[in-house]
Every structure is written in C-alpha cells, then in structure tokens.
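User: I'm new to reading protein structures and would like a close look at one part. Please explain the terms as you go.

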Amino acid sequence: MKYVVVITAALFIAGCSSNDRTEITASGTIETTEVTVSAKVGGEIMKLLVDEGSNVKKGDTLTLIDRTDLIIQLKQVQANAAALEAQYKLTLRGFRAEDILQAEATFKNAQDDVKRAEELFKAHTVTQKQLDDARTKFILAQQNFEKMKRGSRIEEIEAARAKRDLAVAQVEAMQKKVSDSFVVAPMQGAITQKAIEEGDLVMPNGALFRISRLDRVRLMIYVSEVELASVKLGQEAAVYIDAYPDKPFTGKIIYISDKAEFTPKNVQTKDDRTKLVFGVKIEVPNADQMLKPGMPADARLVISQ
C-alpha cells in the first residue's frame, strides 16, 4: 500500500514574515513517500538480495520465498484443467459415429423384438409381462438412439465450458502465486527498513521491507490568510536544515490547501494553536539524499513588495 508518511508532526509557524514583508518564513519537518512491501504468499525466505540502505529500482527482485509447494499445486491444477478441456471438447463434438451406429442397431433389434413379442402374445405363447418388457426395451433404445443423433444439449455444453473456464482460472491464480514468490520493488527508492533474514518463515501479508523515495522530498508549512495571497503554485522556496545552515535547497510549491485549519496542536503556545492557517507543500529535489525524513527544516518564500 502506497502512502505519504509524515515522520514528525512538529510543524509550526516559525515567523510569519519579516517587517519589510519581502519574505515568508516557516518551519516544518521533511517528509517522504514510503511503501511497505509485504509478502503475497507465505513460506521460507530462501534468498535475500538487498539490505537496509540499498537503492532499488521499480521491478528489482528483493527476496525469494520458497515456492516448492506452490509448483506442486500448480501441476495439480494444470492437470485438472487439461482433463476438463478434453471433456469440454468431447461434449462439444458429441457422440462418436460408431456409438451412434451401435445405438441404432440396438434400437432396430428392440423394434424387431417388440414385433415378435406382439405376435407371440396373440398366439398366447408369451405373457403380458414379457410383452411389456420388450416394449420398455424398445422405448429406451429409441430414446437413446435419438439422443445420440441430436448430440449434446446446449446446457451440457455450457456446463462443460464453465467447468473448463473455472479450471483455467485456477491455473492462472496458482501461476500468480508462483510469480509472487519473487518479491519485487513496487517503486524506486532506498530500503529504509528490513524485517526479515534468510531462513525466516513469513506469512501472507507479512511486512518485509520499507522503501522510501529519497530523490524528492517534501516540506509542509503553514501560512496565514494574509500571507496566502503571496503564495503561488510553482513558486520557488529556499529550504534550510540545521546541518547546513548556509546551504539553501531549492524547491517549488506543489500544493496549497483551499481550506483553513487550526495550527497543529503540538505547536508550542496555545495562542498559536488557535490561529487559522493554510497548508503549503514544498517539493525539494534530493539527488544526493542529504535531506532525510524527519529532519526539521525552515522554508523561505520571497514575496513581491
């Protein structure tokens, strides 16, 4: 599941603006996009290909889960699918010509038996029961012959097709499980947390890794309604951190909230917490990964006089 994580919620208004109203300054903490990579299938960790701190690209294999049992199950559903495919083809084709000829011969023989039984009954040579038995065999042979000539009913064909399609879907589902035993990175980033080691037994949906997108980070600040008029999308902002107080990191405003909210509750004074402010999000390129999630940072926005 992909989501934006705010590592520290201590965002506060550091100083609304300077006296000459040429810039807006505010403080917040560095945020990043994080993804928790979970196991889609359970099993033993056979091979671990990354460690904490590793940089990965989307689609890179992170670890391999034992798939021996999954392959056996795949072979089972494949065999079942093959049998049902053959059964569907037989149903679609109908009865074989030799079966129809045999049914026809049985029908004609039963027809002759009825005629003989009727003649013998008139001569009082056979009983009523023997005549009835001959007629019953004739009716059954006739119905069987007619059924074979007509072939399979539409309902029988549809039922056979449905069973075939269900078996195919089961094969596809098992193939996906086999594929899911290779755990791959859903996005580019750095491994910031590893929760497994080789030999561990993991359950489906168990968390394995956390990947953080560090090449671009964000800083959320809050400005007052008066200052909001001077803030525009795409506007540049200089971001500073305590480790490099004289080195500005240039970012751009990518989001401005359209709804006022109270200043976050963890701001130092109660008076500041009761002020209505607007959230402004700044995106900062971070190719060298000097900006880390959770770092406190200051933002300066130059405004026109």
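The part I'd like to go through is strand E10, along with what surrounds it.

Analyst: Sure, let's start with some ground rules. This is a predicted model, where local features need pLDDT of at least 70 and side-chain atom pairs count only at pLDDT 80 or more, while totals for chains, interfaces and linings use all residues. Residues are numbered from 1 along each chain as its sequence is written, and side-chain values use heavy atoms, with hydrogens and water left out.

First, the setting. The protein has six helices and 15 strands; these are DSSP runs numbered from the N terminus, with at least four residues (H or I) for a helix and at least two (E) for a strand. Of its 305 residues, 34% are buried. Buried means under 20% relative accessible area, exposed means over 50%, and partly exposed is in between, using a 1.4 Å probe and protein chains only.

Now to your strand. E10 covers residues 207-223, and twelve of its 17 residues are buried, so we can call this strand mostly covered.

Who are its partners? Two strands count as paired if DSSP finds at least two bridges between them. In general, strands of a sheet pair through backbone hydrogen bonds, either parallel or antiparallel. Strand E3 (residues 23-38) pairs with E10 in the antiparallel sense, over eight bridges. One place to look is valine 37, whose bridge partner in E10 is phenylalanine 209. Strand E8 (residues 189-194) is antiparallel to E10 too, with four bridges. There, glutamine 193 has arginine 210 of E10 as its bridge partner. Then comes strand E14 (residues 276-285), which is joined to E10 by eight bridges, again antiparallel. In that pairing, arginine 218 faces glutamate 283 of E14.

Glutamate 283 also leads us to a residue past the end of E10. Its C-alpha atom is 9.7 Å from that of glycine 234, although the two are 49 residues apart along the chain. Glycine 234 belongs to the loop between helix H5 (225-228) and strand E11 (236-241). Its relative accessible area is 41%, which makes it partly exposed. Setting aside neighbours within four places in sequence, glycine 234 is in contact with Lys252 and Ile253, where contact means heavy atoms within 4.5 Å. Across the protein, 75% of the contacts with a separation of 6 or more come from residues 24 or more positions apart.

Next, try walking backwards out of E10. In the loop between E9 and E10 you'll find asparagine 205. Its phi is near 75°, a positive value in a residue other than glycine. At 66% relative accessibility, asparagine 205 counts as exposed. A similar search after E14 brings you to glutamine 289, in the loop between E14 and strand E15 (296-302). Glutamine 289 isn't a glycine either, yet its phi is positive, at about 55°. Its relative accessible area is 23%, so glutamine 289 is partly exposed.

Carry on past asparagine 205 and you reach E9, part of an open sheet of four strands in the order E7-E6-E4-E9, with antiparallel pairing. Strand E7 (182-184) and strand E9 (201-202) are the edge strands: each has a single partner strand, so one side of each has no neighbour in the sheet. E9 is held to strand E4 (residues 43-48) by two antiparallel bridges. Glycine 43 has valine 202 of E9 as its bridge partner, and glutamate 44 stands opposite leucine 201. Three antiparallel bridges link E4 to strand E6 (residues 61-65), and here isoleucine 45 stands opposite isoleucine 65.

The other edge strand, E7, brings in a helix. The buried residues of H4 pack against helix H1 (68-93) and E7. H4 spans residues 154-180, and those 27 residues reach 39 Å from first C-alpha to last, close to the 39 Å expected at 1.5 Å a residue; the expected span is 1.5 Å times one less than the number of residues. Its buried residues include Ile157, Ala160, Arg164, Ala167, Val171, Met174 and Val178. An α-helix has 3.6 residues a turn, so residues three or four places apart point the same way.

Finally, here's one detail back on E14. The charged end of lysine 281 sits over the ring of tyrosine 255, 5.7 Å from its centre; that takes NZ of Lys or CZ of Arg within 6 Å of the ring centre and within 35 degrees of the ring normal. Lysine 247 does likewise over the face of phenylalanine 249, at 5.3 Å from the ring centre.
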